[in-house]
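Here are some exercises for you to try with the sequence and structure side by side. Have a go at each task before you read its solution.

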Amino acid sequence: MIGVSPVATKPDIVPLWCKKVSKWHGNFLGLNDVSLELRPGITALLGSNGSGKSTLMNLIAGQLYPDTGSIRIFGVDPWTWRGKHLVGYSPDLDYFYSSWSINDFLMRMACLAGIESKKVPSLVNEILDVVGLLSVQTTLLRRCSLGMRQRAKIAHAILMDPPLLVLDEPFRGIDPVGRRDLVQLLLKLQSSGKTILVSSHELEEIEKLTSQVVMLRSGRVVSAGPVSRARDRLLNKPVEIALEIESAEQIRFLAQTVFNYSEVLGVHLPEGKAHTLMVLTRNPEIVFSYLVKISIENNIPIRRLEVVDEAPAEVMESLFQG
Amino acid sequence: MEFLKSFILGVKSTLAVHLFRAKVGHSLFWVSAGFLLLVAAVVVSVSFKNQWNYKTLKPRGQAGFNFKNSIEMIEAGSMALGHNAGVSAICSAVSGASSGLLIQSGLPVFTKNVVFSVLLGFLLPLWCLTFAVEGLGSEREGKTLFWLFSKPVPRSSIYVGKFLAILPWVIIWSLGGFFVLAVCAGDSGIFAFKLFWQPIALASITYASVFFFMGACLPRASLIALAYAFVVETLLASITYASVFFFMGACLPRASLIALAYAFVVETLLGSMPGSLKQLSVAFYARCIMFQKSSDLGVVLEQGGGYGDFSQTMAICFMLGIALMFLVAGIFFFGKIELRGQR
Amino acid sequence: MAVTSLNSFLEYRPWRGLRNPVWMGAFAITRESLKLIFTRKVFWVVFSLAVLNFLLYFFGQYLFFWVADQQPDGLVRVGGFGRANQNDMMQFLRSVLKMDGSPETFRNFINLQSRGIIVLLVLAGASLLGEDLNQGSLIFYQSKSGGMRNYIVGKFLAASFLVHLFATVPALFLFLEICFIDTWTYLLYHPRLLFGIIGYGFVINIGLVSLLFATVGFFRSTIGLIMCWAGVFFLLPSLCAIMIDRLRLNPAFRVLDFWYCVERLGEKCLGASPTLLPGQTDHSLNPWLAVASLGFVFFISSFLTIRIYFKKGVES
C-alpha cells in the first residue's frame, strides 16, 4: 500500500512512524501532536512558511529530538547513530565547506560515513552521474550555483543508499530543465523501492511526483493522504466543474437546464471561452450524472468534464485560509 | 561491541578526513604568528646584548648595586687585600665562582621572564586557542555541523576524532613556538626547552581539551562571560584589561570569545592571584612541574607562589585530569546538541 | 520630470523641502551609530563603572578641599566615628590618592577612564565597523552621494564621542568642580590644565580611534580584533617591562609600548610629573619618541583605513 495513513501499524514494518510528536522552540510550539505513517513511495509535505515542515523533517532525520512522542524509521530511532543508516536527508540549509570541491565533499562525507576507502571513488562517481554533476565535480562549492549545491545535497542524501529519503525544498533554485530531471530522478528512486518525503513550494512538480500529501498548518497535520481526501474535508467549499461542449450555441440552453437542479449553486460562462460552462456545486458526483443525462437527452457532445480546483495549490489555499 | 566498532570507525574516519584539514590561514593563526615574531624579536635583542643572566639585576633588597657590581667589588677587594694571600684567595675564588654562576644564570632569567610570564601567561593559551576552538567551533559557526551529525557513527566518535585531529597542530605550534623562542635566547633558552618541553606539551594538551570543549559545546558566550566577569569583578577591586575584555563576551555569542576570555582572565589573572585561586589555572600546574624540574638542578625559579606545594606527579595528574574531564564533558554535551535555525 | 507627469496616475506628490549638504550625511551616520552603541548592555556596564570612577574622584577632590577649609586646629570630625588629623587626611588625599586637583589627579583619572575606553572602542569597532564589513553593508553607504567619506567621518565622530564622553568631559567637570569649591582663580592659575585635558583627550582620540579603524578593517572578526588589542595593550607592555624594568635594557625600547607613549604624551600635556608604576624602574622616554610612536601608528592606521575601506570595502 502506497501512501500515508494514520498511525495504526507497528513501527518496525513501516519506513516512517511518528506518534504524537511535539517539538518546542523555546516558547513557540513548532510541532503539535503529529502522528503519521509513511509507506513506500513519494509523499509530499506541504504547508505555508512556518507551518513546521522543516521541524518535522529535522526530527525525522534525527537532527532534533522530539519533546514528546516518538519517531521510528523501520523501528529504529533516527536520533541514534544506527538510525542515520536508514535516512538520507537533504536539508534546506545552504552552508558548506566552501573551500572543498563537489567531489572532495562527497568523498569526505563517504569516508566519514564509514564507507570503505577503496569503494568511495567509484561510488561517488556513480552518484555524481545520477544527479548530473559529473562534469562539474571539481568546481569549488563556494563557486557553485544554487542548483548545483542542491544537487550536491541530494547526492549526499543518497550516498549511503538509505531506504528513506527526506528532501527539504529540493527544487529551490533549480531551473525548469533541472527540475524536470530531478522529478525523473525521484520517480526512478521511487521505483527502486525507496520511500521519499519531499517538501516544496513548487506545486507543479509536486503534482507530477505524487498525489499523496501531508499538509501541515501551525504545527498540526490538517490532512494526510490523497489530495482528494483533503479536498473532501472542505465541506463548506463548493466545487467548480468545467464542462466543455462541441457546439457553442447550445451552451446557454445547457446552463439554463442544469441551473434548475437544487444541487447546483451557480453557473457561469467564462469570458473568451464560448464552449465552456462552469458549474458550482457541493455534490459533484450527482451533478456529473445530471450533466451526462442532459447531454445524452439533448444530443450535446461533451469534449471535457472535470473538477477544476482539486490541485494542491487550490486545496492548500483553501485549507490555509481557514 | 557494535557500538565500540562504530566508535572506532567514527574516530578513524573523522581523523582521516580532518587531520590535515585544520584551517591554517585564518586570522587567529596570523595573529598568533605575529605575536611569536614579536616576542622572538624581543628575545633576540636581549640575546644580542647578552642579557640572559643576572649581571644587570640587583640582589633582593639591595639598592644601587647589581650582581655584576657586587662581583666587581669582591674582585677589587681581592686585589686590595693582595698582601693577605688567604683572604685574597678566598675573594678570588668567590668572585670566580660567582662569575661562573652569573654566566650560567640564563636559565632562571629566561624562564622567569619569558617562559613563566609571557609564554605560559599569554602565548601558550593563545596558540592552543587558535586551533582548538576552531576544531568544532568553526563547524558550529559555519553551520556545517549537520554534515557531521548526519553520519551513521556515534557523535562521541566525531568529537574524539576531531579532537585528535587538532591535537597535533596544537602541540606542534606550542612546542614549535617555544623552540623558536628558545633558539632566539641561545644556550639558556635551549637548555630551558630541553628541561621544560614536557610540561609545555602537557599544558597545551590540557588547554586544547578545554578550548575544544568550549568551541564544540557552548552556543552562547553571554551567560558564561557574565558569570566569569562577575566572579572576576568580585575578586578584583578595579577594572583590568583582561576582565573588561571579558565583558566583550557578554554581547557576542561566540564560543571563541569565552575561550579568549578564559585564556586572559582565568589563566592570566587568576594565575597570578594569591592563595588557592591560582590553582584554577592550567598554567599553575605547568609552573609547578617546571619549578620541581629546576629545583632538582638546584635552581629556584620563584620564591613563594606556592609552586613547590605540588609534586610533579600530582601536577601531571591534575593536568591530565582536567583534560580528561573536559573531554568527557564535551562528549556528553556534544551528543545532546540539536541543530536549530540552520537556514 | 517623470514624477510630475505621473502625478495624477500615481497620486504622488513631488518631494518638497530643502536638501542638506551632502557632508551632513556623516552626522546621520554618527547619530545612528551612537544609538546602536547605546542599545548595548555592555556599554551601560562599562559606563556605570566609569561613572563610579568619576564619582570617586569627584568626592575625593571635594573631601580634599573641604578638609583644607576646616579650622586649622588639626582635627576633623569624621561623621560619628570620631576625629581625624587634618594634615594626615590631606596628606593621604594628596600623596597617596592624588585627589588634590593637581595635574597628577587628572592624569590618573584619565588613565583609569582610558581602560574603559579601550573596552568600549573594541565593542564599538565590532558593532559599528566589523558588522558592516562582515555583512557586506558597506555597499549601501557607497551607493549614497557622500560615499565612504561620509561613512568614515561619521564613524570616526561616533568613536570620538565615546572617547570624550569617558575621558575629556568628566575631566573637565572635575576641573570645573575645583573652580567652584576652591576659587575661580584656579582657572587663571592653571590654564595649562584646561588645555592639557583637552589635549590629552585629543591624543587618546587620535591614537585609539585610528588604531581601531585599521585593526577592524584588517581583521574584520571580533576575535582577531580583541587578540590584536590584547597584544597591543597587554603583551607589548609586558615585553617592555621585561626588557627595561627587569633586564635593564635601553629605556628607548619603551617606544614599542603604544599605550605608554599615549600616557607619556598625556602627562606632558597636563604638565604632570612622571610617576613610576610598581615594578617600573625607568620613566625617561623622550616625549618626542612618544610623539613619533603615536605618529607612526596614526600614519599606518590611516593608510590601512584608506586602503581597506575605500578600495577593498565591498569585496567579500
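How many of the five residues of S7(A) are buried? Keep in mind as you work that this is a predicted model.

**Solution 1.** Start with the count: five of the five residues in strand S7 of chain A are buried, and the strand is mostly covered. Next, split the strand into its two faces. A:Leu164, A:Val166 and A:Asp168 lie on one side, while A:Leu165 and A:Leu167 lie on the other. Since residues on both sides are buried, both faces of S7(A) are covered.

**Exercise 2.** Find the strands that pair with S7(A), and say in which sense they pair.

**Solution 2.** Take S6(A) to begin with: S6(A) and S7(A) pair in the parallel sense over four bridges. One residue to look for here is A:Tyr89, whose bridge partner in S7(A) is A:Val166. Now turn to S8(A), which pairs with S7(A) over five bridges, again in the parallel sense. In this pairing, A:Leu164 stands opposite A:Thr195 of S8(A). To get from S7(A) to S8(A), the chain passes through H5(A), and this β-α-β crossover is right-handed.

**Exercise 3.** Place these strands in their sheet: what is the order of the six strands, and which strands stand at the edges?

**Solution 3.** Write down the order: S6-S7-S8-S4-S9-S10 of chain A, an open sheet with mixed pairing. Then look at the two ends. S6 (87-90) and S10 (220-226) of chain A each have a single partner strand, so one side of each has no neighbour in the sheet. Ignoring direction, neighbouring strands are turned by 15° against each other on average. For a pairing further along, check S4 (residues 41-47) and S9 (residues 212-217) of chain A, which pair in the parallel sense over four bridges. There, A:Leu46 has A:Met215 in S9(A) as its bridge partner.

**Exercise 4.** Which strands of chain A does helix H1 (residues 53-60) of chain A touch, and which does H5(A) lie across?

**Solution 4.** Follow H1(A) on the sheet: this helix touches S4, S6, S7, S8 and S9 of chain A. The direction of H1(A) makes about 150° with that of S7(A). Now follow H5 (residues 176-191) of chain A, which lies across S4, S7 and S8 of chain A. H5(A) runs at about 150° to S8(A).

**Exercise 5.** Which residues touch the most other members of the largest nonpolar core?

**Solution 5.** This core has 240 residues, and the ones to pick out are A:Leu106 and B:Ala132. Helix H5 (residues 106-141) of chain B gives the most to the core, with 20 residues. Next, list the contacts of B:Ala132, leaving aside neighbours within four places in sequence: they include B:Ile166, B:Val170, B:Tyr207 and B:Phe211.

**Exercise 6.** How many residues of chain B are in contact with chain A, and which element of chain B gives the most?

**Solution 6.** Count both sides: 22 residues of chain B are in contact with 23 residues of chain A. On the chain B side, helix H1 (2-18) and helix H6 (145-149) each give two or more residues. H1(B) gives the most, with six. Finally, sort this side by class: there are 10 nonpolar, seven polar and five charged residues.

Notes. Residues are numbered from 1 along each chain as its sequence is written. Chains are lettered from A and ligands numbered from 1 in the order in which they are written. This is a predicted model: local features need pLDDT of at least 70, side-chain atom pairs count only at pLDDT 80 or more; totals for chains, interfaces and linings use all residues. Two residues are in contact if their C-beta atoms, placed from the backbone, lie within 7 Å. Ala, Val, Leu, Ile, Met, Phe, Trp, Tyr, Cys and Pro count as nonpolar, Asp, Glu, Lys and Arg as charged, and the others, Gly among them, as polar. A nonpolar core is a set of buried Ala, Val, Leu, Ile, Met, Phe, Trp, Tyr and Cys residues joined through C-beta atoms within 7 Å. A residue is buried if 20 or more other C-beta atoms lie within 10 Å of its own, exposed if 12 or fewer, and partly exposed in between; C-beta atoms are placed from the backbone. Two strands pair if DSSP finds at least two bridges between them. Axes are lines fitted to C-alpha atoms, for helices over the stretch in contact, and angles run from 0 to 180 degrees between N-to-C directions. A crossover is right-handed if, with the strands pointing away from the viewer, the path from the first strand over the helix to the second runs clockwise.
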